[in-house]
Amino acid sequence: MHTFYTPDIAIKTELPEEEASHCLRVLRLTVGDEVLLTDGKGFFYKAVIDGIAGKRCQVKVLETVFQEPLWKGHLHLAMAPTKNIDRTEWFAEKATEIGFDELSFLNCRFSERKVIKPERIEKIVVSAIKQSLKARKPQVNGMIDFDKFVKQNFKGQKFIAHCYEGEKPLLRSVLDSQTDAVVLVGPEGDFSREEVALAESMGFRSVSLGKSRLRTETAALVAAHLMNLAHVLES
């Protein structure tokens, strides 16, 4: 059964324009075909196509199914986007398949990419929740300056992953499965020492993601996976 993202399905029984186009023109579904809808807010809807008018596709909801949260807490990852945007997009897809709640992009001192299009990442995330059958869509935020981000009031645990020497426990060993978590991952050139110091002064704890030196997108995916794993195992 094909899955479609319908954020307003509770008040509007019609596929969004882009989803309708894919349904009718690409998949060539027609009246009477069953479909699965997700609103990205925790619900699946078993439905059937019951009307087609030009590019518009009406559906009739047959059953509403609530999906229990698949992990505890609010998992927030903030990363500096890679110079090659394909790598950031790859991360967004794979992290969504694994599971997390919020993604922010950091403008750091050594960032090689200063501009990002959140709407492009949003489409990739939507595609990934449909593919992985998740009823909750991660929130995608735009670019924000590093110092502004770390000065926000976050609940739960706060971590910054970097390559500088010093006391840095493994992220997996200090994650608390009972609380929210936010993890910062820097650009290809790492965070500056000043950025690390600022983050630590704001309550972020320096951590390691392992002994290997990882690319930005790999490090971000490892962080997302560790957060998810810690919270899922204790669910």
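**Reading a helix pair and its surroundings**

Mentor: Let's open with charge: the mean positions of the 33 positive and 33 negative charges of the protein chain sit 2 Å apart. Keep in mind that this is a predicted model.

Trainee: Okay. How many helices and strands does the protein chain have?

Mentor: Count 7 helices and 10 strands. For overall dimensions, the C-alpha trace spans about 65 × 35 × 30 Å along its principal axes.

Trainee: And what share of the residues is buried?

Mentor: Of the 235 residues in the protein chain, 49% are buried. On the outside, the accessible surface is about 12,200 Å², and carbon and sulfur atoms account for 49% of that.

Trainee: How do I read contacts by sequence separation? What percentage join residues at least 24 apart?

Mentor: Take the contacts between residues at least 6 apart in sequence; 73% of them join residues at least 24 apart.

Trainee: Now the helix pair. At what angle do H2 and H3 cross?

Mentor: Roughly 30°, with the axes of H2 (residues 85–98) and H3 (residues 118–131) coming within 8 Å. The crossing is right-handed. On the H2 side, the contact residues include Thr 88, Ala 92 and Thr 96; on the H3 side, Arg 120, Ile 124 and Ala 128 are among them.

Trainee: Arg 120 is in that contact. Why is Arg 120 classed as partly exposed?

Mentor: Because its relative accessible area is 42%, and partly exposed covers values between 20% and 50%. Arg 120 lies in H3, and its C-alpha is 26 Å from that of Ile 11, with the two positions 109 residues apart in sequence numbering.

Terms used:
Residues are numbered from 1 along each chain as its sequence is written. This is a predicted model: local features need pLDDT of at least 70, side-chain atom pairs count only at pLDDT 80 or more; totals for chains, interfaces and linings use all residues. Side-chain values use heavy atoms; hydrogens and water are left out. Helices (H or I, at least four residues) and strands (E, at least two) are DSSP runs, numbered from the N terminus. Buried means under 20% relative accessible area, exposed over 50%, partly exposed in between (1.4 Å probe, protein chains only). Contact means heavy atoms within 4.5 Å. Accessible areas come from the Shrake-Rupley method with a 1.4 Å probe; for residues, only the protein chains shown count as cover. Lys and Arg count as positive and Asp and Glu as negative; His and the chain ends are not counted. The place of a charge is taken as NZ of Lys, CZ of Arg, CG of Asp or CD of Glu. Axes are lines fitted to C-alpha atoms, for helices over the stretch in contact, and angles run from 0 to 180 degrees between N-to-C directions. A crossing is left-handed if the near helix is turned anticlockwise from the far one by less than a right angle, and right-handed if clockwise.
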